[in-house]
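Open the model in your viewer and keep the sequence panel in sight. We will go stop by stop, selecting as we go.

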Amino acid sequence: QVQLVESGGGSVQAGGSLRLSCAASGIFFSTYTMGWYRQAPGKQRELVATVTSVGGTVYADSVKGRFTVSRDNAKNTVYLQMNSLKPEDTADYYCNARHELMSRSNYWGQGTQVTVSS
């Protein structure tokens with residue numbers, strides 16, 4: 001059974017920081033690109049950041065310089081360090097795992113809420 005479990009969400013004031021974690025089980029973690037996506041009510045889900053099995057990263061322009069994605073293959077965990085948070089960062093954040101060779105293996109966590117107040 002594949003399971004992605006997010007943690008670390010919460011409510012913070014603008015300018016604050018949060019660190020999200022996603023613990024994966026049931027997959028060969030080191031063969032997956034791991035990513036973070038977010039979705040606000042009434043809006044489309046959007047990519048926040050991804051990190052490949054060899055450490056390559058992609059960030060949305062809106063979070064560059066503020067967010068950092070990293071992974072620990074020994075712990076089967078991906079992180080999203082979020083600094084200088086803005087109200088526009090408020091959303092449900094979802095962890096994603098996508099196999100780099102078999103794209104049909106694509107999994108999602110249940111999400112964690114991030115609320116940033118001004």
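Which residue in E8 is the bridge partner of Asp-72? Select Thr-77: Thr-77 in E8 is the partner of Asp-72. Keep both on screen.

Some ground rules come first. This is a predicted model, in which local features need pLDDT of at least 70 and side-chain atom pairs count only at pLDDT 80 or more, while totals for chains, interfaces and linings use all residues. Residues are numbered from 1 along each chain as its sequence is written, and side-chain values use heavy atoms, with hydrogens and water left out.

**Stop 1: the whole chain**

Zoom out. The protein chain has 11 strands and 0 helices. Helices (H or I, at least four residues) and strands (E, at least two) are DSSP runs, numbered from the N terminus. The radius of gyration is 14 Å, close to the 13 Å that the globule rule gives for 118 residues, so the chain is as compact as a globular protein of that length. That radius is taken over C-alpha atoms, and the rule is 2.2 Å times the number of residues to the power 0.38. Turn the C-alpha trace along its principal axes: the spans are about 40 × 25 × 25 Å.

Of the 118 residues, 40% count as buried. Buried means under 20% relative accessible area, exposed over 50%, and partly exposed in between (1.4 Å probe, protein chains only).

**Stop 2: the E7–E8 hairpin**

Select residues 67-72, strand E7. Show the side chains. Phe-67, Val-69 and Arg-71 point to one face and are buried. Thr-68, Ser-70 and Asp-72 point to the other face and are not buried. In a regular strand the side chains alternate between the two faces of the sheet.

Now add residues 77-82, strand E8. E7 and E8 run antiparallel, joined by 6 bridges. Two strands pair if DSSP finds at least two bridges between them. The hairpin has 4 residues between its strands. Click Asn-76 in the turn: its phi is positive, about 50°.

**Stop 3: Leu-80**

Stay in E8 and pick Leu-80. Is Leu-80 buried or exposed? Leu-80 counts as buried, because its relative accessibility is 0%. Its contacts (heavy atoms within 4.5 Å) beyond four places in sequence include Phe-67, Thr-68 and Val-69. Also among them are Trp-36, Val-48 and Tyr-93. Draw a distance to Arg-19: the two residues are 61 apart in sequence, yet 5.6 Å apart C-alpha to C-alpha.

**Stop 4: E1 against E3**

Select residues 3-7, strand E1. Leu-4 and Glu-6 form its covered face. Gln-3, Val-5 and Ser-7 form the uncovered one. Add E3, residues 18-25. E1 and E3 pair in the antiparallel sense over 5 bridges.

Which residue in E3 stands opposite Ser-7? Ser-21 does. At 18% relative accessibility, Ser-21 counts as buried. Beyond four places in sequence, Ser-21 is in contact with residues including Val-5, Glu-6 and Trp-36. Thr-77, from the opening question, is also one of its contacts.

**Stop 5: Thr-50**

Move to E5, residues 46-51, and pick Thr-50. Thr-50 counts as buried at 11% relative accessibility. Among the residues Thr-50 touches beyond four places in sequence are Met-34, Tyr-37, Val-58 and Val-69. Val-69 sits on the buried face of E7.

**Last view**

Zoom out again. Residues 24 or more positions apart account for 54% of the chain's contacts with a separation of 6 or more.
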